[in-house]
Amino acid sequence: MTTKGFIFDLDGVIVDTAKYHFMAWNDLANSLGIAFSEAQNEQLKGVSRVDSLKKILDWGNITLTDQEFASRMTSKNQEYLSYIEQMNESEILPGVLNALLYIQSKGHLIGLGSASKNARLILEKVGLISHFDCIIDGTDVTRAKPDPEVFLKAAGALRLNPDHCIVFEDAAAGIQAANAANMISIGIGNEEFLFEADLVLSGMKEIDESMIDTLVWSNSKSEFKKHKQL
Ligand code: BG6
Ligand code: MG
């Protein structure tokens, strides 16, 4: 049997850290007199730290010096880290651990493909780091999703062909990145935003053993989509 690689995004798939990003960005925006909504926070999903700050400044029509920009980034991350420090395994999203254990029990590989530079710390905090055969995060890539770099690097680190990998993602840009890498793309969240995925699930809790088996037996994106229609 071919060994498959299951590559997971972190924020929004394994843990719900969007609420912590929201609190930290909200405080930063407010301190600059910029209103910041949950809807705007949605638009920052999957977006790198530097691009997130650029977007917030655009929304508020504010320009900062390079030095001020760097110091705002640092303080946002410090606040975010203060929330991350409190995390524990209770914050693993439902369905994640069972899926990881089943994938491992069948001899397949597990990778992380995240934009976050805090990914390793978060995986340590929630006690999942030992389940990952490779971790590719925001410190390893130069091109952000929807560029496929993060997932291609993960496939390389797992020593697998990209078309033997399956990606789980909650951001539209991440689904596009997985598709560009020719990997089966599973959207986690709302179909309205994730319509480009090969399959959309409302959460990881919807993944069961038979679905993982189907993913393992599907030798291509098109074969998986055919299975899905049966
Ligand atoms: C992504 C999140 O996974 O990582 C984004 O969805 C976040 O909201 C990005 O901005 C970068 O994260 P960090 O931890 O490096 O600031
Ligand atoms: Mg995400």
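Asp11 is a good place to start in this predicted model: with a relative accessible area of 16%, it counts as buried, because the cut-off for that label is under 20%. Two partners deserve a look here, a metal ion and a ligand. The metal is the magnesium ion, ligand 2, and its protein donors are Asp9 (OD), Asp11 (O) and Asp170 (OD), at 2.0 to 2.1 Å. Along the chain those donor residues follow the spacing D-x1-D-x158-D. Asp11 lies in the loop between strand E1 (5–8) and helix H1 (18–31), while Asp170 lies in the loop between strand E4 (165–169) and helix H8 (172–180), so this pair ties together parts that are 159 residues apart in sequence. Asp170 is buried as well, at 11% relative accessibility.

Now for ligand 1. There are 14 residues around ligand 1, and those that come nearest are Asp11, Val47, Ser116, Lys117 and Asn118. The side chain of Asp11 has an N or O atom 2.6 Å from an oxygen atom of ligand 1. The backbone contributes too: a polar backbone atom of Val47 sits 2.7 Å from a ligand oxygen, and for Leu44 a backbone N or O atom is 3.3 Å from an oxygen of ligand 1. How much of ligand 1 does the protein bury? Taken alone, the ligand exposes 390 Å², and the protein buries 96% of that.

Follow the chain to Lys45, which is in the loop between helix H2 (38–42) and helix H3 (49–59). Lys45 is partly exposed, because its relative accessibility is 30% and that label covers values between 20% and 50%. Setting aside neighbours within four places in sequence, Lys45 is in contact with Asp170 and Ala171, and Asp170 is one of the magnesium donors. Lys45 can also be placed relative to His21: the two are 24 residues apart along the chain, and their C-alpha atoms are separated by 9.3 Å.

The helix after that loop is H3, and its buried residues include Ser52, Leu53, Ile56 and Leu57. Why do these four belong together on one side of H3? They cover an arc of only 135° around the axis, and that puts them on the same side of the helix. The general rule behind such a pattern is that an α-helix has 3.6 residues a turn, so residues three or four places apart point the same way. The buried residues of H3 pack against H1 and helix H4 (66–84). After H3 comes Asn61, with a positive phi near 55°.

Another loop to visit runs between strand E2 (109–113) and helix H6 (119–125), and Ser114 is found there. Ser114 is buried, with a relative accessible area of 1%. Beyond its neighbours within four places in sequence, Ser114 has contacts that include Asp9 and Asp11, two of the magnesium donors. Also among its contacts are Leu10, Ala119, Ile136, Asp137, Gly138, Lys145 and Val150. Asn118 is in the loop between E2 and H6 too, and it is one of the residues that come nearest to ligand 1. Asn118 is buried, with a relative accessible area of 9%. Not counting residues up to four places away in sequence, Asn118 touches Arg49, Asn77, Tyr80 and Leu81.

From Asp170 the chain leads on to H8, where Gly174, Ile175, Ala177 and Ala178 are buried. They cover an arc of only 160° around the axis, which puts them on the same side of H8. What covers these buried residues? The cover includes helix H7 (149–157), E4, strand E5 (184–188) and helix H9 (191–194). H8 is followed by Asn182, whose phi is positive, near 65°.

One last stop is Gln104, found in helix H5 (residues 96–105). Is Gln104 buried or partly exposed? Gln104 is partly exposed, with a relative accessible area of 29%. Leaving out neighbours within four places in sequence, Gln104 makes contact with Ile110 and His131. Gln104 and Cys165 are 61 residues apart in sequence, with 14 Å between their C-alpha atoms.

Definitions and conventions: Residues are numbered from 1 along each chain as its sequence is written. Chains are lettered from A and ligands numbered from 1 in the order in which they are written. This is a predicted model: local features need pLDDT of at least 70, side-chain atom pairs count only at pLDDT 80 or more; totals for chains, interfaces and linings use all residues. Side-chain values use heavy atoms; hydrogens and water are left out. Helices (H or I, at least four residues) and strands (E, at least two) are DSSP runs, numbered from the N terminus. Buried means under 20% relative accessible area, exposed over 50%, partly exposed in between (1.4 Å probe, protein chains only). Contact means heavy atoms within 4.5 Å. Donors are N, O and S atoms within 2.8 Å of the metal (3.2 Å for Na, K and Ca); water is not among the atoms, so sites may look incomplete. A residue is near a molecule or strand if one of its heavy atoms lies within 4 Å of it. A polar contact is a pair of N or O atoms within 3.5 Å; within protein, one must be able to donate a hydrogen and the other to accept it, and residues adjacent in sequence count only if both atoms are side-chain atoms. Accessible areas come from the Shrake-Rupley method with a 1.4 Å probe; for residues, only the protein chains shown count as cover. The arc is that of the directions from the helix axis to the C-beta atoms.
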